[in-house]
Amino acid sequence: MRLDIITCLPRLLESPFSDSILKRAQTKGLVEVHVHDLRDYATSKHKSTDDYAFGGGAGMVMMIEPIDACIACLKEQRNYDDIIYMSPDGELLNQSMANQLSLAKNLIILCGHYKGVDERVREHLITREISIGDYVLSGGEIAAAVLADSIIRLIPGVLSDESSALTDSFQDGLVAPPAYTRPAEYKGWKVPEVLLSGHEANIEKWRHEKAVERTKNRRPGQFGSDSDL
Ligand code: ADE
């Protein structure tokens, strides 16, 4: 997979991709992440990428020209499955969207800032708008990193134990069951006996029951009816 992330603050995207799983995915050649500085596509004397809003009001608006130039340059080189704009009023990100996007070959992610982008970008250049939650961040970069992480970890071979992505919370409509490690007892707080029993079927049953219980408590009504669980 190739991810092209367009931003006016490229430094904000340095650290999320230079550590741990996201770094390893790139080193293994399973994903290429390219961050593009919108300023490199600005045509004005001062290399501006934003301007005052027509009609007045507080806040700057990201201009269409540099965004269009950057997207056009990328599209000349390859086809993209989606051109995504990170925005608080986009579709809410969930696991099934991440699963679907993890099958893509090439994706562009555009990060918004200030009062967002000129509406014509959304009307003519973008194929999809995604939000990571109903709250407003200072810009789309952190949201883009969240989206990228949720997608990249699902690409086969990225996680060393492939089954671990399949047992993530939400993959089967359930949140994950509790997990424990050594010591088996700490300050009198004990690990459930069944997990120490070595009885795989009982452990699986216990984990499923705990996942169902947690899902009912923490996401009531969200994952279908009780009979689905
Ligand atoms: N940009 C600002 N807030 C955002 C959010 N919640 N999701 C996606 N992009 C954003």
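1. In this predicted model, the bridge partner of Asp-82 in strand E6 is Leu-107, and this pair belongs to a set of five bridges that join strand E5 to strand E6 (residues 106–111), the two strands running parallel.

2. The wider setting is an open sheet of five strands with parallel pairing, arranged in the order E2-E1-E6-E5-E7. Strand E2 (32–37) and strand E7 stand at its edges with a single partner strand each, so one side of each is left without a neighbour in the sheet. On average, and with direction ignored, neighbouring strands here are turned by 30 degrees against each other.

3. Two helices that pack on the sheet deserve a comment. Helix H2 (residues 64–77) touches strand E1 (2–7), E2, E5 and E6, and its direction makes about 165 degrees with that of E1. Helix H5 also packs on the sheet, where it touches E1, E2, E5, E6 and E7, its direction making about 155 degrees with that of E6.

4. Strand E5 (82–92), strand E7 (128–131) and helix H5 (140–152) return in the ligand site, since each supplies at least two residues of the shell around the ligand, and E5 gives the most, with three residues. The shell divides into eight nonpolar residues, five polar and no charged ones.

5. Of the 13 residues around the ligand, those that come nearest are Ser-87, Ile-132, Gly-133, Tyr-135 and Leu-137. A backbone N or O atom lies 3.2 Å from a nitrogen atom of the ligand in Ser-87, 3.0 Å in Ile-132 and 3.1 Å in Gly-133. The protein covers 96% of the 260 Å² of accessible area that the ligand has on its own.

Methods: Residues are numbered from 1 along each chain as its sequence is written. This is a predicted model: local features need pLDDT of at least 70, side-chain atom pairs count only at pLDDT 80 or more; totals for chains, interfaces and linings use all residues. Side-chain values use heavy atoms; hydrogens and water are left out. A residue is near a molecule or strand if one of its heavy atoms lies within 4 Å of it. A polar contact is a pair of N or O atoms within 3.5 Å; within protein, one must be able to donate a hydrogen and the other to accept it, and residues adjacent in sequence count only if both atoms are side-chain atoms. Accessible areas come from the Shrake-Rupley method with a 1.4 Å probe; for residues, only the protein chains shown count as cover. Helices (H or I, at least four residues) and strands (E, at least two) are DSSP runs, numbered from the N terminus. Ala, Val, Leu, Ile, Met, Phe, Trp, Tyr, Cys and Pro count as nonpolar, Asp, Glu, Lys and Arg as charged, and the others, Gly among them, as polar. Two strands pair if DSSP finds at least two bridges between them. Axes are lines fitted to C-alpha atoms, for helices over the stretch in contact, and angles run from 0 to 180 degrees between N-to-C directions. Contact means heavy atoms within 4.5 Å.
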